[in-house]
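Work through these exercises with the model open. Try each task before reading its solution.

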Amino acid sequence: MVRYADPGTLEWVESGGGPLIAIPEAVLPFWAGADSSEPATDYDRACEVDGYVGLLPVGDSAALVFGDDPASTSFLPDHGTFVRWAAADSEEELLAGVPDALDSALWAPEIHWQVPGPVLLFDSAWPGGTADRTEHLRVPLEAGRYAVRAAYVQPGPETWVGLVQLRRLAN
């Protein structure tokens, strides 16, 4: 994992330039990434997602694609939010701006995501079956339906952060 600060800080996932993706562990074997004999690979489908986030079918579930920018991304369980490092001088500065960013965000329309349990965040170019051998972050979501909303916010003069917030819905 990439670390931007001293040990004990967040683990961040980066991509090689394409979108990051969060896929339920239960359907990882069904994600081929860029490795496919088909003309349009799963990675190609992920690259076509327009906006901050989108859903793609994978097996009998769906993957959450982080579109727009391949920013380094981590997860803050206390806020139920993926944090995307767009610009900041330090991790400390970025994270200090998150509470204000959450309060002031102008959220894009939310989408609903049904997950069967924990998800892995990784570069969408990699096949799901190899995700545990690549840079990834396991997010221990409970099975259920989630409202997902996203925004980019400037909480400070030199700080920009992308937010992808999950809120568990009643089934």
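The exercises cover strand pairing and salt bridges.

This is a predicted model: local features need pLDDT of at least 70, side-chain atom pairs count only at pLDDT 80 or more, and totals for chains, interfaces and linings use all residues. Residues are numbered from 1 along each chain as its sequence is written, and side-chain values use heavy atoms, with hydrogens and water left out.

**Exercise 1.** Find the pairing partners of strand β5 (residues 81-87). Strands are DSSP runs of E, at least two residues, numbered from the N terminus; two strands pair if DSSP finds at least two bridges between them.

*Solution.*
1. Strand β4 (residues 72-76) pairs with β5 in the antiparallel sense, over 5 bridges. Phenylalanine 75 has phenylalanine 82 as its bridge partner.
2. The two strands form a hairpin with 4 residues between them. Glycine 80 in that turn has a positive phi of about 60°.
3. Strand β10 (residues 159-169) also pairs with β5 in the antiparallel sense, over 6 bridges. Here tryptophan 85 is matched with valine 161.

**Exercise 2.** Which residue forms a salt bridge with glutamate 110? A salt bridge is a side-chain nitrogen of Lys or Arg within 4 Å of a carboxyl oxygen of Asp or Glu.

*Solution.*
1. The partner is arginine 167, with the closest N and O atoms 3.1 Å apart.
2. Glutamate 110 lies in the loop between α3 (98-104) and β6 (111-115) and arginine 167 in strand β10, so the pair ties together parts 57 residues apart in sequence.
3. The whole structure holds 4 salt bridges.
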